[in-house]
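Trainee: Could you take me through the enclosed spaces in this structure, and then show me how they compare with its open pocket? I would like a close look at what lines each one.

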Amino acid sequence: MKLARRLQAIKPSPTLALNSRAKALAAQGVDVVVLAAGEPDFDTPDYVKQAAVDALRAGFTKYTPTVGIPELREAICRKLERDNGLRFTPEQVLVTAGGKQALYNFCQAVLDEGDEVIVFAPYWVSYPDMVRLAGATPVIVNTREEDGFAPDPDAIRRALTPRTRAIIINSPGNPTGAVYSRAALQGIADAVRGHDCLIVTDDIYEKLIYTGERLGISDVAPDLVPRLVVVNGMSKAYSMTGWRMGYAAGPRPVINGMQLVQDQSTSNASSIAQKAALAALNGPTDTIATMVAEYRARRDLFVNGLNALGGIRCRMPEGAFYAFADVRGLIGRAYKGNAVTSSVQLSEILLDDFRVAGVPGDPFGAEGYIRFSFVTSREVLQKGLTRLGDLVKALG
């Protein structure tokens, strides 16, 4: 069966694959500590679920405009002004089936063959492949842990070419949990100011901040707002992963192009989920504060535990809910008589023999690391640390 050539450069999502494998083992009765997926373990707030129930009972189950219901787009505009100091009109907002669709729509609407998009490594695994699916080329700019995973402005300048159509910013970031400082954002702004590329800011983790403040590129460079595309969603802050509810806001021609893509793919996001998202944006924020406080405690427990194992070193993340562990101290050591050669092999050993699921760093553009999600109970995290300790002891 012949498939499209564009698929030859695309790899299955390693996070989804590992999480599915771990869940399959658990379904067979295997005691697996699953630290692979980026999915909050908190339930969706009751007032959000009630809004969906009310929508069902009211018969709000038909098609909506592709762009989303007007009241939700207005609420998104209020949220962006209240939380981010950004002023958009509803005509500059597109409601999507998750933040992932917003990013995909952007790439399909903006990129042509031969175009380039700057992506900072370590990166969310889907960024490069979304760019490739649009026929364009991801240009990877590596960052260093000792710099807080913030990009070097000179490296950005070297990566910029006449073919650069966009640059993607993700802070707090997946997989590192890094939050860009004011100086880091200013460096990015200074680097791109003389170039006409679009700036895409993926803000899906913006509410999950543990230290300091979360700033956006617009806070340090308001002059760049006219070419800013903001992507966000309800999955992380409101624990609504399965609801598939996201949005994008930006220049009207870009949003119109993204709407055209959505017109011919999914059309509108779920009508019921849109009503739930409206309730989330207009509702109380105490559930978010509770969740962040618990994740902070889990972060401290897990990252401190990793750093106490020996052979593993982990930077304390400022946001999101990932511990990006440096396991280069374990690679090269022997396991059952054979040398461990990569983070992929180490992750396989960890799952197969020690029943802990973590995602190797290679698909994130960072070989020598493993990403662990601390979106599970403290008891499970402690069990994971114990098993990781057993792995360290088993390596010769």
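Mentor: Happy to! Let's begin with the term itself: a cavity here is a set of grid points where a 1.4 Å probe fits but cannot get out, whereas a pocket is an open set. Keep in mind that this is a predicted model. With that in hand, a search of the whole structure finds two cavities of 30 Å³ or more.

The largest cavity has a volume of about 160 Å³. It is lined by 18 residues, and those closest to its centre are Phe-120, Pro-122, Tyr-123, Asn-170 and Tyr-180. Two elements give two or more residues each to this lining, namely β3 (116–121) and β5 (164–170). As for chemical character, the lining of the largest cavity holds 13 nonpolar residues and five polar ones, with no charged residue.

Now for the second largest cavity, whose volume is about 30 Å³. Its lining consists of Leu-103, Phe-106, Cys-107, Val-117, Ile-168 and Val-200. Helix α4, which spans residues 99–110, gives the most to this lining, with three residues. Here the six lining residues are nonpolar, and neither polar nor charged residues appear.

That brings us to the open space you asked about. The largest pocket has a volume of about 620 Å³. Of the 30 residues lining this pocket, Leu-16, Gly-38, Lys-100, Trp-124 and Lys-236 are the closest to its centre. Helices α1 (14–27), α4 and α5 (126–133) each supply at least two residues of the pocket lining, and α1 gives the most, with five. Helix α4 is thus a name to remember: it contributes to the lining of the largest pocket and also to that of the second largest cavity.

If you set the three linings side by side, the division by residue class is worth a look. The lining of the largest pocket divides into 12 nonpolar, 11 polar and seven charged residues. The lining of the largest cavity, by contrast, has no charged residues, and that of the second largest cavity has no charged and no polar ones. For a computational chemist, a handy way to keep the picture in mind is by centre: Lys-100 and Lys-236 are among the residues closest to the centre of the largest pocket, while Phe-120 and Tyr-123 are among those closest to the centre of the largest cavity.

Key
Residues are numbered from 1 along each chain as its sequence is written. This is a predicted model: local features need pLDDT of at least 70, side-chain atom pairs count only at pLDDT 80 or more; totals for chains, interfaces and linings use all residues. Side-chain values use heavy atoms; hydrogens and water are left out. On a 1 Å grid over the protein atoms alone, a cavity is a set of points where a 1.4 Å probe fits but cannot get out, and a pocket is an open set with protein on both sides within 12 Å along at least five of seven lines; lining residues have an atom within 4 Å of a point. Grid points are joined across faces, edges and corners, and a volume is the space filled by probe spheres set on the points. Helices (H or I, at least four residues) and strands (E, at least two) are DSSP runs, numbered from the N terminus. Ala, Val, Leu, Ile, Met, Phe, Trp, Tyr, Cys and Pro count as nonpolar, Asp, Glu, Lys and Arg as charged, and the others, Gly among them, as polar.
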